[in-house]
Amino acid sequence: MPPRTRSGTRYPEWSGFLNEAELVCLEGMCRSDLGQHKRAVRLLERSSALQDIEHSRNRGMCLARLAGAAIQDQDLDHTVAAARESLRLIDGGMTSTRNRRQLRRVREGLRPYQKANSDARDTIELLDLHIA
């Protein structure tokens with residue numbers, strides 16, 4: 001049954017999907033698209049922490065976008081951590097073409113760092129294995 005307000009108004013069924021985690025993720029994705037990568041990283045990190053187990057696909061997308069914003073901000077630690085956590089969800093059975101596409105972009109963003117940074121190199125190898 002669709003959610004109701006105190007006044008008894010019914011909202012559409014899909015509106016139950018727009019919880020705080022989703023709204024924060026959407027803002028983070030928009031901030032990233034606007035080139036505000038540092039702010040996007042903070043928002044996407046917060047959203048991934050708010051996501052519940054029932055929304056692992058959404059969390060995976062949020063983490064992939066977090067990795068993308070972080071690599072744009074040249075924040076390798078956040079990039080590596082978010083990409084690996086997103087891969088962990090993929091290994092757990094979560095499937096999403098959009099997540100894989102985003103992780104391919106992250107992999108390409110990590111390439112300039114692979115010679116000097118072992119975490120970047122290891123993450124590229126993991127991404128190669130899982131999202132070829």
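Student: How many disulfides does the count come to?

Tutor: Zero, in this predicted model. The cut-off for a pair of cysteine sulfur atoms is 2.5 Å.

Student: Why is C25 not counted as bonded to C62?

Tutor: The closest cysteine sulfur to that of C25 belongs to C62, at 3.7 Å. A disulfide needs the two sulfur atoms within 2.5 Å, so the C25 sulfur is too far from the one in C62 for a bond.

Student: What rules out a bond for C30?

Tutor: For the sulfur of C30, the closest cysteine sulfur is in C25, 9.6 Å away. Set against the 2.5 Å limit, that is too far for a bond.

Student: Why is C25 called buried?

Tutor: Its relative accessible area is 4%. Buried means under 20%, so C25 falls in that class.

Student: What makes C30 partly exposed?

Tutor: C30 has a relative accessibility of 47%. The class lies between the buried limit of 20% and the exposed limit of 50%, so C30 counts as partly exposed.

Student: How do you know whether W14 is buried or exposed?

Tutor: W14 has a relative accessible area of 59%. Exposed means over 50%, therefore W14 is exposed. W14 sits in the segment before α1 (20–33). Together with F17, L18, L23 and L26, W14 makes a nonpolar surface patch of about 500 Å².

Student: Why is Q102 in helix α5 counted as buried?

Tutor: The relative accessibility of Q102 is 9%, and the limit for buried is under 20%, so Q102 qualifies. Leaving aside residues up to four places away in sequence, Q102 touches A64, R65 and G68. The helix that holds Q102, α5, spans residues 97–110.

Notes:
Residues are numbered from 1 along each chain as its sequence is written. This is a predicted model: local features need pLDDT of at least 70, side-chain atom pairs count only at pLDDT 80 or more; totals for chains, interfaces and linings use all residues. Side-chain values use heavy atoms; hydrogens and water are left out. Patches are made of residues with over 30% relative accessible area and no salt bridge: like charges are joined within 9 Å, nonpolar side chains (Val, Leu, Ile, Met, Phe, Trp, Tyr) within 5 Å. Accessible areas come from the Shrake-Rupley method with a 1.4 Å probe; for residues, only the protein chains shown count as cover. A salt bridge is a side-chain nitrogen of Lys or Arg within 4 Å of a carboxyl oxygen of Asp or Glu. Helices (H or I, at least four residues) and strands (E, at least two) are DSSP runs, numbered from the N terminus. Buried means under 20% relative accessible area, exposed over 50%, partly exposed in between (1.4 Å probe, protein chains only). Contact means heavy atoms within 4.5 Å.
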